[in-house]
Amino acid sequence: MNNIRFQALQAVLTRGIPEVKFPSQKISDFFGANVFDKKKMKEYLSTEAYQGIINSIEKGEPIPRDMAEQVATAMKSWAMGKGATHYTHWFQPLTGSTAEKHDAFFEPTADGGAIERFSGDALAQQEPDASSFPSGGIRNTFEARGYTAWDPSSPAFIMARTLCIPTVFVSYTGEALDYKVPLLKALNVLDKAAVDVCHYFDKSVEKVNASLGIEQEYFLVDIALFNARPDLHLTGRTLFGHMSAKNQQLEDHYFGAIPERVYAFMQDMETEALLLGIPLKTRHNEVAPSQFECAPIYEEINLAIDHNQLLMDLMDRVAKRHNFKVLLHEKPYAGINGSGKHNNWSMITNTGKNLLSPGKTPKNNLMFLTFFVNTIRAVYEHADLLRASIASVNNDHRLGANEAPPAIISIFLGTQLSDVLDEIETSRISKKIKEDALLWQGIPKIPQILKDNTDRNRTSPFAFTGNKFELRAVGSSANSASPMTILNLIVADQLKKFKYDVDKLIKKGEKKDVALLIVIKKYIKESKNIRFEGNGYSEQWEIEAAERGLANIKTTPKALDALLSDKTDFLFSDTGVFTKREAHARHEILLDSFYKKLQIEARVIGELGINVIIPAALSYQSRLIENVKGLKDIGLDKTTYEAQLDIITKIAEHVNAIKSNIETMVNARKKANTIEDIRDKAIEYDEKVKPFFLPIRYHVDKLEQLVDDSLWPLPKFRELLFIK
Ligand code: ADP
Ligand code: MG
């Protein structure tokens, strides 16, 4: 059996389960042990330097050079004490993954010896040779000058004996080349706008942080089977494969016990994550076979995103020890559920108040309604931009595929809050109600515990879940910073407009609370069209959404147009989060990655079809021909080999169809490659090359059902999906 599929299956049969070592029985003993967190800073730094860092984290004050020197020395001795030999700036370039460039602490000395050194300069800034990170034309590749600069608000950590320092990545002309810079800018704008609005209710609020809890879905597959599937290996998803007879129809995986091998992997991964201060809390099976989910407790958003990026990397590393491969692709297997990354988001004040949590008193409820309705209004106003922020070639398989939230952005509130908003919308803010005692009757009572938290509408892309909104349309492999930058930015912008509108009424002589209620009522009315409580997967919704004027852009190249619209341009420049050049650069990078990924998929389909699938089908066909000849030779009549003839003909038909479709697809690709304009090129790939994928797959999958199992070269879905 020289077939690689059978070698892989053999390997799976002999797998052992590696022993998982826990640093201690109690998580609190080791949580964050590999992080240079506040507690360790306090221990290793002078009081003055410690306070400097805290000011920088809380107020964004720059850290003076001499203090950076002190912090570097402290970090170095802490890290070396834990066995680290190298350090790296750790950043999030627009490739989507994280990047590192390692340097050793050690430096040779003049007398031929060596010392361990780590300077304040090395902590604060680095110049990685960054010529091959995407920059969308901002930084000419020959120039190769990008800087990474320390982000003190996300603590340094040790991974693989290397001290990792979270940094931003900017071009030499100061433009953002990463995901972190715009996020930090947007958070800053939100902080200011939200604090201003908080002051209508509570003057003691000094800072508002966004909070984020990210639920991460993923698939696991045995590493040997993964390696025997060139499509999984090169594109992250299976391009061929007939659906397993048993898949998710019994829905027995979701509630089933976690397989032992997977359980060991999860415990190992969780332990490593906890050591790095990632507060992983939940784990469970997901709907599809071999699909799982983990989620940490929510954190300040910048940290939550760093932790999610780190977690994706960590999962991959730990999986190797368990002979698994983690699939973070949004749609690794056609026919069963794909994976997403639910972003649970809220805003929390320095006084500890969750601004999206209804309060006990009518006054608190007015505060809640203010932030709640402004969020709805923001998403209504910039739904297309939010859609653009989650667009990717992988996510196109989910959005609009009736399994993940649709490409139509809508908001689910649950009946209780929908009723509350309807009530306000239809209430009359009459003269009478404007009298103090009666005003509060204008605000409907909101139950503290919202029943609808549990009434989950899984088909909604943006759902309110009791004390937070949950953006569900984010792809499993995406960097959450992309949608979260946009969400925080549009809410910030909306809050600024709200303040302007309310102040205008106050100036005209309205009482503050009346002014607030009048504007809230107006916003409820204006943004009503985006609220939808029904089934987002239904065809009826597509029709209704179109009637309501909501956009339904199913593919990435067109969804990305929103990044460059006049409305977006105004938003970006007004808030200063992206310059025009940065927005154009991002647009270009996203389109570039979009078409290149399709190009790679098309090539893999061509290669596998011609060099792997057709030869396997032909060897089986030759065997059948031999068999038919033999039967004829011994004098049997046609009735004895009718079945064989039928299969021989069918194989020929499918082989022909595969070959001719691949040839036409290659020609379409050649044509697409000559197109200069990047948007046109991406659309050409999407509309002229991609449409061949499914027909080719259809014929390949038909062959899979015809050809002798022992000759089939690629691991089948039933083998990939049911972990042993
Ligand atoms: P569910 O399972 O109903 O989606 P969970 O309570 O499990 O909700 O929470 C999912 C995620 O939402 C977790 O990461 C949790 O920490 C996070 N979360 C809870 N409250 C908030 C909040 N106020 N802001 C942001 N995230 C939150
Ligand atoms: Mg959830």
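This text walks through a predicted model, from the whole chain down to the strands around its ligand.

Start with the whole protein chain. Its secondary structure comes to 25 helices and 17 strands. The radius of gyration is 29 Å, close to the 27 Å that the globule rule gives for 724 residues, so the chain is as compact as a globular protein of that length. The C-alpha trace spans about 105 × 80 × 55 Å along its principal axes. Buried residues account for 47% of the 724 residues. Contacts reach far along the sequence. Take those between residues at least 6 apart: 75% of them join residues at least 24 apart.

Next, the domains. The assignment splits the protein chain into domain 1 (31-178), domain 2 (187-568) and domain 3 (592-721). Between the centres of domain 1 and domain 3, taken over C-alpha atoms, lie 50 Å.

Now turn to ligand 1. Its shell holds 15 residues. Those that come nearest are Ser211, Gly213, Tyr298, Asn344 and Ser346. By class, the shell divides into six nonpolar, seven polar and two charged residues. Which strands supply at least two residues each? They are E9 (208-222), E11 (291-296) and E14 (341-349). E9 gives the largest share, with four residues.

Two of these strands are partners. E9 and E14 pair in the antiparallel sense, over nine bridges. One pair to look for is Leu212, whose bridge partner in E14 is Trp345. E14 also pairs with another strand. Three bridges join E14 to E17 (residues 469-471), and this pairing too runs antiparallel. Here Asn344 has Glu470 as its bridge partner in E17. Asn344 thus appears twice in this account: it is among the residues that come nearest to ligand 1, and it bridges to E17. Is E14 mostly covered or mostly open? It is mostly covered, with eight of its nine residues buried.

The remaining strand of the shell, E11, belongs to a hairpin. Its partner is E10 (residues 280-285). The two run antiparallel and are joined by five bridges. Follow Arg283 across and you reach Cys294, its bridge partner in E11. Five residues lie between the strands of this hairpin. In the loop between E10 and E11 sits Ser290. Its backbone deserves a look. Ser290 has a positive phi of about 65°, although it is not a glycine. Is Ser290 buried or exposed? It has 23 C-beta neighbours inside 10 Å, and the threshold for burial is 20 or more. Ser290 therefore counts as buried.

A second residue invites the same check. Asn323 also is not a glycine, and its phi is positive at about 55°. Where does Asn323 lie? It is in the loop between helix H11 (301-321) and strand E13 (324-327). The neighbour count for Asn323 is 19 other C-beta atoms within 10 Å. A residue needs 20 or more to be buried, and 12 or fewer to be exposed. Asn323 falls in between, so it is partly exposed.

To retrace the path, begin at ligand 1 and step onto E9, which supplies four residues of the shell. Cross the nine antiparallel bridges to E14. From E14, three bridges lead on to E17. Then return to the shell at E11, and take its five bridges to E10. The loop of that hairpin brings you back to Ser290.

Conventions
Residues are numbered from 1 along each chain as its sequence is written. Chains are lettered from A and ligands numbered from 1 in the order in which they are written. This is a predicted model: local features need pLDDT of at least 70, side-chain atom pairs count only at pLDDT 80 or more; totals for chains, interfaces and linings use all residues. Domain bounds come from an automatic or database domain assignment. A residue is near a molecule or strand if its C-beta atom, placed from the backbone, lies within 6 Å of it. Ala, Val, Leu, Ile, Met, Phe, Trp, Tyr, Cys and Pro count as nonpolar, Asp, Glu, Lys and Arg as charged, and the others, Gly among them, as polar. Two strands pair if DSSP finds at least two bridges between them. The radius of gyration is taken over C-alpha atoms; the globule rule is 2.2 Å times the number of residues to the power 0.38. Two residues are in contact if their C-beta atoms, placed from the backbone, lie within 7 Å.
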